[in-house]
Amino acid sequence: MLKLTNVTTVVGGFPAVRDVSLEIKKGEFVALLGSNGAGKTTLFRTIAGVLKPSKGVIEFNGKQLNNLPAHKIVMLGLSLCPEGRQLFPHLSVYKNLMMGAYTRRNDHKGIQLSLEQVYELFPILKERKNQLAGTFSGGQQQMLAIGRALMSKPDMLLLDEPSIGLAPLVVQKIADVIKNISKEMGTTVFLSEQNANMALMITDRGYVLENGKIVLAGPSSELIYNETVKKAYLGA
Amino acid sequence: MDLFLQQILNGIMLGSTYAVVALGLTLVFGILHIPNFAHGHLYMLGGYVTFFFITLLGFGFWTAMISSMIILALIGILVERVVYRPLRDQPHINSFISAIGALMFLETFVVVAWGPQGQRIPNPYPNPVEIGGIILTQQRLLVIIAAIVLIVLLQLFLKKTTPGTTIEAVAQNREGAMLVGINVNRVSSMTFAISTATAAAAASLVAPIFMISPSMGALLGMKAFVIVILGGLGSVPGAIFGGYILGLIEALGGGYISADYKDVFAFGALILILAIRPTGLFGREEVG
C-alpha cells in the first residue's frame, strides 16, 4: 500500500530523514519508534506532502506521491494526524470534524456515517460538539485530531505521536481507540511514537528510526525484547 | 440635536463603507498573515472602473458596480498570484516591498488613464429623503443599506458555507487545512477576490457622494489599517465595529470641532486605543 524507496528529506540544510526504505501492506498496523529528533515527524510530513523529499520515491497504492501537494494526497486516501494536532482553534468541534471531511464534502450520507463512527469512538466529541476546539484539554484535542483525520475516511492513517504530553490514563484510552481503528475498522495504521512500550503493545511490527535512518525493523513482539530498544526506549 | 443626529447618520454612512473595506483587509490578513498594503489602491481602482463603465460605456449604476466588482475580483486574484504568492516563504519585508510596488503601479496607472484630477460619478439617486427630521440624500441611505447587506452576506458566507469555513480554517491553521485536503492556494485566490470585490463595491457606492481621485486609495488604505488594528488583526467583528467607530469619530469630530481635522481624530483614536488595549478591541489571545 505504502512504499518508500531511499527517501531523503533535507530540512534547513540538514538531512533529517536519510535513505529510508520501508513498505506497509494493506491492513497492517505498524509502529515507527524513535526518540525526540530522530526524524519521525519529518518522515511523516514528507509522506503527507507537507515537505518534499530531496531524493527517493514515495508510492501509495502504486501512485507516486513525490510531487503531489498535501491536499491531493489526502484525496488518495492517505491521512496524517499531525504532531501538534494542527486543529482550527476558533472553530467548533463539529466544524473541525466537517473540515476533516472536506475531500468528500458532497457525500452527505457518507459524512453522516463517519461522524457517527467518530462520535462512537470518542463520545466526548459529541457531547461538546459546539465547543471551540482551542478550549479543549490536550487529550480531548488529540481525540479531535484523530477524529478529524478519520472523517476523510482514509485507507491509511498516519498518527504522529498521539500520546505526547498526555496523562497515562488518557494514553491508554487513545491506544485502545487506535487499536480499534486498526482492528475493527480495518484501516491501515502507521503510528509514530516515543512511547515504545505503548506502541509495541498494540502494533504488529515496527521500525526504529535513529538520526533519520532506519536502524532496526521487526515484529513488535520481538522488538519489545530487543536489547537496543529496551535500553533506548523502555528504560530497562 | 439635529446637528448631532445628522452627524451620527454621516458617521454611520462613512462607517459602513469603512467596515466593508476593513472586512476585506482583515480576511486577507488572516490568510497572508501580513496586511495587503495595496488594499486601498484596489478600492480606488474599483471606483474608477465603475466610473469607466458609467461614463464611457453608458452602464447603469448597479450594472457598473457589479461589473466593477467582477473585474476587481479578477485583479485581486492576479495581485495575489503575482505580488504575494511568489514571496510566501520569504521574509515579510519582501512582501511589503512588493506591495508598495503594486500600489505605486496602480496609482500611476490611474493617473495615466484618467488624469490626476478628481472625477465625479453622476449621482443616480440625488433626491433627498427625510427621516425623523433629518434630511439626507437617497444615495447616502443606499450606501448604509447596501453596506449592511454586504456585511451580513459575507458573515453568512463565512459562518454557514463550506467555502467560507475553509477561509477561516486556513487563517487558523494553514498546515491543518492542507492536511484535511483544502487547496490553500485556491482559498488564497478566493479570499483576495472577495476582498477586492467588496472594496470595489464600497468605492462604487460612495463615489457619487465624494469625488474619486487617484490619491484616495492611500488615505483609505491607511484608515482601513487603523480599523483593522483597532478591531484586532484578523478579527471579523473587530473590522465591522472598528469601521463604525472610526466613521462616527470622524463625523462627530469633523462636525463639532473642525472638518479639517477629521483625519487627526481618526488616527488619534488609533494611538489612544492601542495604548490602552495593544491587541485591539477584539484581538484575541492566542488559543491552542
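In this predicted model, helix 2 (residues 39–55) and helix 4 of chain B make a good starting point: their axes come within 9 Å and cross at roughly 25°. With angles under 35 degrees counted that way, helix 2 of chain B is roughly parallel to helix 4 of chain B. The crossing is left-handed. If you want to find the contact on screen, look on helix 2 of chain B for B:His41, B:Leu42, B:Met44, B:Leu45, B:Tyr48, B:Phe51 and B:Phe52. Their counterparts on helix 4 of chain B are B:Leu103, B:Leu106, B:Glu107, B:Phe109, B:Val110 and B:Trp114.

Next, the cores. The largest nonpolar core has 93 residues, and B:Tyr43, B:Tyr84 and B:Ile182 have the most contacts inside it. Helix 1 (residues 2–32) of chain B brings the largest share of this core, at 14 residues. Another core, of 45 residues, lies apart from it and includes A:Leu97, A:Val118, A:Val208 and A:Leu223. As a rule, nonpolar side chains in soluble globular proteins tend to be buried together.

What does B:Tyr84 touch, leaving aside its neighbours within four places in sequence? Its contacts are B:Leu32, B:Ile34, B:Pro35, B:Asn36, B:Phe37, B:Ala38, B:Val79, B:Ser95, B:Ala99 and B:Phe192.

Staying in chain B, helix 6 (residues 162–172) has 8 of its 11 residues buried, so it is largely enclosed by the rest of the structure. The buried ones are B:Gly164, B:Thr165, B:Thr166, B:Ile167, B:Glu168, B:Ala169, B:Val170 and B:Gln172. The cover over them comes from both chains: it includes helix 3 of chain A, along with helix 1, helix 5 (138–160), helix 7 (174–179) and helix 8 (184–206) of chain B.

Is B:Lys223, in helix 9 (residues 216–231) of chain B, buried or exposed? With a relative accessible area of 3%, B:Lys223 is buried. Beyond its neighbours within four places in sequence, B:Lys223 is in contact with B:Tyr18, B:Leu246, B:Glu250, B:Lys262, B:Asp263 and B:Phe267.

B:Pro91 sits in the loop between helix 3 (61–84) and helix 4 (92–114) of chain B. At 49% relative accessibility, B:Pro91 counts as partly exposed. From B:Pro91 to B:Gly247 you count 156 residues in sequence and 34 Å in space, C-alpha to C-alpha.

Now over to chain A and its sheets. One open sheet has 4 strands in the order 2-1-4-5, with antiparallel pairing. Strand 2 (14–24) and strand 5 (63–64) of chain A stand at the edges with a single partner strand each, so one side of each has no neighbour in the sheet. Strand 4 (residues 55–60) and strand 5 of chain A run antiparallel and are joined by 2 bridges, with A:Glu59 opposite A:Gln64. Helix 1 (residues 40–48) of chain A packs on the sheet, where it touches strand 1 (2–11), strand 2 and strand 4 of chain A. The direction of helix 1 of chain A makes about 115° with that of strand 1 of chain A.

Strand 9 (residues 205–210) of chain A is mostly covered, with 5 of its 6 residues buried. The table shows how strand 9 of chain A pairs.

| Partner of strand 9 (chain A) | Sense | Bridges |
|---|---|---|
| Strand 3 (residues 29–33) of chain A | parallel | 4 bridges |
| Strand 10 (residues 213–219) of chain A | antiparallel | 6 bridges |

In the pairing with strand 3 of chain A, A:Ala31 stands opposite A:Gly206. In the pairing with strand 10 of chain A, A:Arg205 stands opposite A:Pro219. Strand 9 and strand 10 of chain A form a hairpin with 2 residues between them, and A:Asn211 in the turn has a positive phi of about 50°.

Two other residues of chain A deserve a look for their backbone. Most residues other than glycine have a negative phi. A:Asn61 has a positive phi of about 50° although it is not a glycine; A:Asn61 lies in the loop between strand 4 and strand 5 of chain A and, at 48% relative accessibility, is partly exposed. A:Gln86 also has a positive phi of about 50° without being a glycine. A:Gln86 is in the loop between strand 6 (78–81) and helix 3 (93–100) of chain A, and A:Gln86 is buried, with a relative accessible area of 19%.

Note on methods
Residues are numbered from 1 along each chain as its sequence is written. Chains are lettered from A and ligands numbered from 1 in the order in which they are written. This is a predicted model: local features need pLDDT of at least 70, side-chain atom pairs count only at pLDDT 80 or more; totals for chains, interfaces and linings use all residues. Side-chain values use heavy atoms; hydrogens and water are left out. Two strands pair if DSSP finds at least two bridges between them. Contact means heavy atoms within 4.5 Å. Axes are lines fitted to C-alpha atoms, for helices over the stretch in contact, and angles run from 0 to 180 degrees between N-to-C directions. Buried means under 20% relative accessible area, exposed over 50%, partly exposed in between (1.4 Å probe, protein chains only). A nonpolar core is a set of buried Ala, Val, Leu, Ile, Met, Phe, Trp, Tyr and Cys residues joined through side-chain atoms within 4.5 Å. Angles under 35 degrees count as roughly parallel, over 145 as roughly antiparallel, 65 to 115 as roughly perpendicular and the rest as oblique. A crossing is left-handed if the near helix is turned anticlockwise from the far one by less than a right angle, and right-handed if clockwise.
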